[in-house]
Amino acid sequence: MAKLGILTGGGDCPGLNPVIRAVVRKGFLEGYSTVGIKNGWKGLIENDVEELDLKKVSGILPKGGTILGTSRTNPYKKEGDVAKAKDAYKKLGLSALIAVGGEDTLGVANKLVKEGLNIVGVPKTIDNDLSATDYTFGFDTAVNIATECIDRLHTTAESHHRIIVAEVMGRHAGWIATFAGIAGGADIILIPEIPIDIEEVCELIKKRHARGKTFSIVVVAEGAQFKQGSMVVQEEKLDAFGHVRLGGIGEALGQLIEQKTGFETRVSVLGHIQRGGSPTANDRVLGTRFGVKAVELVKDKKFGRMVSLRGNKIVDVALDEAVKELKTVDMDLYDIAKVFFG
Ligand code: F6P
């Protein structure tokens with residue numbers, strides 16, 4: 001029986017298990033057995049694997065996270081790791097490997113394809129910042145969670161006549177902030193794509209209060225930064241893919257808003273809550289469609305390709321294309337959000 005490998009790398013997100021289930025089920029129909037590689041590229045380097053059969057993937061569709069575990073291990077960071085990964089790929093007798101991840105995991109996949117491995121990519125991230133696909137699974141769930149949190153913050157902000165700043169994830173793109181901000185009726189949405197003008201933010205809040213409102217909700221993306229000033233980070237240390245840990249802009253913003261407007265302000269950091277729990281129906285469907293298509297690409301020997309959503313169609317694009325640039329927020333969408341500011 002031909003053998004498929006599958007791994008999930010980078011930050012986890014809701015919808016990974018639907019992909020794993022779809023790969024195993026579609027693979028079985030096409031005559032492949034599937035082996036799960038544990039904890040992303042780390043599992044391939046260490047040859048840490050488990051057989052996946054129909055029984056193993058039964059019941060995982062609504063489960064958040066990934067049954068395979070994940071890591072941010074980058075084999076190109078440590079001398080000898082690429083050779084170990086290639087060796088394990090050979091020893092396992094894989095016909096192909098399906099790598100499910102964001103720009104980092106897929107960046108490694110792209111390099112390994114050039115070293116001769118048969119790899120197909122599946123894009124995932126709550127940040128929705130991957131070019132070459134309209135949406136990634138995980139994003140819809142994160143947006144729904146963030147929206148529910150904003151709804152909850154509304155009722156307490158209103159009762160106490162406060163400003164509440166909600167800091168959401170999204171790394172260097174403001175997709176979660178923009179979607180959840182629009183859906184949750186935020187009074188201001190601040191994103192990394194547009195530097196924050198604190199005077200303008202305070203003016204908008206004051207204007208809103210001048211027309212009788214006694215509370216405001218400000219949604220800020222963790223990667224947003226002030227016009228004057230640098231990015232606020234939790235720690236300077238970089239991970240294996242060169243990322244800093246973002247976070248803290250909400251607190252900095254909240255303090256300035258309170259100082260400059262005189263309105264009592266609180267800050268709520270939504271954090272990893274946005275990444276946890278069961279995927280929405282949309283993310284289950286997208287993950288399932290991606291998983292099935294990935295097996296079809298393997299069957300057609302279309303290696304070095306990534307499954308992608310374009311409009312309502314699942315297509316495939318070059319991995320090269322997928323990792324080329326960050327997909328930032330569409331300004332037409334942000335203009336719609338701005339109609340409701342202040
Ligand atoms: O990329 C997904 C993401 O959740 C980002 O939105 C966030 O900045 C980062 O991962 C957090 O990473 P970690 O799980 O390492 O704290």
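Which residues surround the ligand?

1. **Ligand surroundings.** This is a predicted model. Around the ligand are Arg-72, Ile-126, Asp-127, Met-169, Gly-170, Arg-171, Glu-222, His-272 and Arg-275.

2. **Polar atoms at the ligand.** Three distances to ligand oxygen are worth checking on screen. Arg-72 places a polar side-chain atom 2.5 Å from an oxygen atom of the ligand. For Arg-275, a side-chain N or O atom is 2.8 Å from a ligand oxygen atom. Gly-170 uses its backbone instead: an N or O atom there lies 3.1 Å from an oxygen atom of the ligand.

3. **Domain layout.** The domain assignment splits the protein in two. Domain 1 is given as 2-137 + 279-322. Domain 2 is given as 141-275. Taken over C-alpha atoms, the domain centres are 33 Å apart.

4. **Interface extent.** On the domain 1 side, 19 residues are in contact with 16 residues of domain 2. The two domains bury about 1500 Å² between them. Of that area, 55% is on carbon and sulfur atoms. Within domain 1, the most area is lost to domain 2 by Arg-72, Ile-126 and Asp-127. Together they account for 38% of what that side buries. Arg-72, Ile-126 and Asp-127 are also among the residues surrounding the ligand.

5. **Polar and charged pairs.** How many salt bridges does the rule find across the interface of domain 1 and domain 2? It finds one. Arg-275 forms a salt bridge with Asp-12, and their closest N and O atoms are 3.0 Å apart. Arg-275 also appears in the ligand surroundings. Six residue pairs are in polar contact across the interface, with both residues at pLDDT 80 or more.

6. **Make-up of the domain 1 side.** Helix α4 (residues 103-114) gives the most to the side of domain 1 that touches domain 2, contributing three residues. By class, that side has eight charged, six nonpolar and five polar residues.

Notes:
Residues are numbered from 1 along each chain as its sequence is written. This is a predicted model: local features need pLDDT of at least 70, side-chain atom pairs count only at pLDDT 80 or more; totals for chains, interfaces and linings use all residues. Side-chain values use heavy atoms; hydrogens and water are left out. Domain bounds come from an automatic or database domain assignment. Contact means heavy atoms within 4.5 Å. Buried area is the accessible area (1.4 Å probe) that two parts lose on being put together, summed over both. A salt bridge is a side-chain nitrogen of Lys or Arg within 4 Å of a carboxyl oxygen of Asp or Glu. A polar contact is a pair of N or O atoms within 3.5 Å; within protein, one must be able to donate a hydrogen and the other to accept it, and residues adjacent in sequence count only if both atoms are side-chain atoms. Helices (H or I, at least four residues) and strands (E, at least two) are DSSP runs, numbered from the N terminus. Ala, Val, Leu, Ile, Met, Phe, Trp, Tyr, Cys and Pro count as nonpolar, Asp, Glu, Lys and Arg as charged, and the others, Gly among them, as polar. A residue is near a molecule or strand if one of its heavy atoms lies within 4 Å of it.
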